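Biologist: Please take a close look at the charged side chains of this model, and at the surroundings in which they are placed. I should like one connected account, beginning at the surface.

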Amino acid sequence: MIERMTLPEPAATALLAGATALGLSFLLTPLVRVSAVRLGLIAKPVHDRWGRRVIARLGGVAMFAAFVTATLLWVPLTQPVIAILVGSLLVFGLGLVDDLRRLPPYTKLVSQLLIGCAVVLMGIRLRVDELSWLAIPASVLWLVLVMNAFNLLDNMDGLAGGVGAVAAAVCAFQAARADNPALLTLAVMLCGVCLGFLRFNFPPAKIFMGDSGSHFLGLGLASLTTMGSWHQSTSLLSVLLLPALVLAVPIFDTCFVTIQRLAHRRSPFVGGTDHVSHRLAILGLTERQTVLVLYALSAGLGLLGLVSASTKALPAFAIGGLVLTGLVLFGRYLAQVNVYRLAETAPEPASAQPVTAVEIMLLHKRRLVEILVDFCVVSSAYVFA
């Protein structure tokens, strides 16, 4: 008689928690959609956005509610878990305010830095054997970077949700390999939340996650990739390698778009149809093909990240160098797609003055300088204390 296979208890708990999160997200998303439509909380087509249909917003409400409920049901409330819940609540609130009432860029940045500092002080930070003082500000910047990366990645139906599900699955696999049950459960739940929401967000989307969802998803994945000391080392770069590869697609899109906008004398703080996904669609892919290609790219880079985490330092850096080279070449190819053609050929008003890239970078310069000075002072005070 064949003996029945049973899953280890942590794996079984993680799967049940993930199923709970998926079910809640699947059930809550259409309810949020109906409520958003009735309240008039919809996204209308605008010239600097890709979508050309009227779509309900605030899908992030369902994602956040599903994750928090599943976490309270299945995960012991240890200090790191509380830190993630508090941080998720804060960034969800920030994104929700931005969805309902647009916030200035510098206000969002200040709020993100404050939330990142709070999460790091509560224990979610990079783990290194030496240079721990550098890991603290690096952790804050990492959280803010990933939050903004997913906010920018949410530019096409199903893209941010699908890439988030892939990244969370990679995190879950690594957590299982590192024998970290709490991290495994959280990662599986976040993957389930994304999959439940993706049922209504995959092209053609019926609802958008909005800034509340993208901020929540970004902070969740940034926290998961820094929890648990997956790979301890004296080198901060080697510690960052695995998270960077897991989240390479949103980070690459953010860096690529910022560089391209500055090179074409455009503000990096405004929206546009110049993202990686938009360029792939212009090259001939359908929306579904575009998001599937980026899902596959995210999964491939995540697998390389898992390989790098199990190898010695030199091969790991070689993998990172090859990936960086490939992304640079990919970016050079995509940069040939002139998405700014219409704006560049339009007649310029006689009174208009030429704008330099330096002037664009110094937009809101006083606020940005204040933010950087405050961040450096606070970080230095914490280190010296």
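Modeller: Lysine 206 sits in the loop that runs between α7 (181-201) and α8 (210-226); the model is a predicted one. With a relative accessible area of 39%, lysine 206 is partly exposed, because this value falls between the 20% limit for buried residues and the 50% limit for exposed ones. Together with Arg33, Arg199 and Arg288, Lys206 makes up a positive surface patch.

Another loop, the one between α5 (132-153) and α6 (159-177), holds aspartate 154. Aspartate 154 is partly exposed, at a relative accessible area of 24%. Its C-alpha lies 8.6 Å from that of phenylalanine 208, although 54 residues separate the two in sequence.

The salt bridges come next. Side chains of opposite charge can pair when their charged atoms come close. The count in this model is five salt bridges. Aspartate 98 takes part in one with arginine 102, at an N to O distance of 3.5 Å. The two partners differ in their surroundings: aspartate 98 has 1% relative accessibility and is therefore buried, whereas arginine 102, at 58%, is exposed.

Aspartate 98 also forms a salt bridge with lysine 108, where the closest N and O atoms are 3.1 Å apart. This pair links distant parts of the chain, ten residues apart, with aspartate 98 in helix α3 and lysine 108 in helix α4 (residues 105-121). Here both aspartate 98 and lysine 108 are buried.

Arginine 261 and aspartate 274 meet in a further salt bridge, at 2.9 Å from N to O. Arginine 261 belongs to helix α10 (residues 248-263) and aspartate 274 to the loop between α10 and α11 (276-282), so the pair ties together parts that are 13 residues apart in sequence. Arginine 261 is buried, at 2% relative accessibility, and aspartate 274 is buried as well, at 3%. Salt bridges with shared partners join Asp98, Arg102, Lys108 and Asp211 into one network.

Helix α3, the home of aspartate 98, has a surface side too. α3 counts 22 residues and spans 32 Å from first to last C-alpha, close to the expected 32 Å. Its buried residues include Val81, Ile84, Leu85, Ser88 and Asp98. Valine 86, also in helix α3, is partly exposed, at 33% relative accessibility. Val86 forms a nonpolar surface patch with Leu72, Leu77, Ile82 and Leu90, about 410 Å² of accessible area together. Helix α3 supplies the largest share of this patch, three residues.

Methods
Residues numbered from 1 in each chain as written. Predicted model: local features only at pLDDT ≥ 70, side-chain atom pairs only at ≥ 80, totals over all residues. Heavy atoms only, no water. Patch = residues over 30% accessible without salt bridge, like charges linked within 9 Å, V, L, I, M, F, W, Y side chains within 5 Å. Areas by Shrake-Rupley, 256 points an atom, 1.4 Å probe, with all protein chains shown as cover. Salt bridge = Lys/Arg side-chain N within 4 Å of Asp/Glu carboxyl O. Lys, Arg positive; Asp, Glu negative; His and termini not counted. Charge placed at Lys NZ, Arg CZ, Asp CG, Glu CD. Helix = DSSP H or I, 4+ residues; strand = E, 2+ residues; numbered from the N terminus. Buried < 20%, exposed > 50% of the residue type's maximum accessible area, 1.4 Å probe, protein only. Expected span 1.5 Å × (residues − 1).
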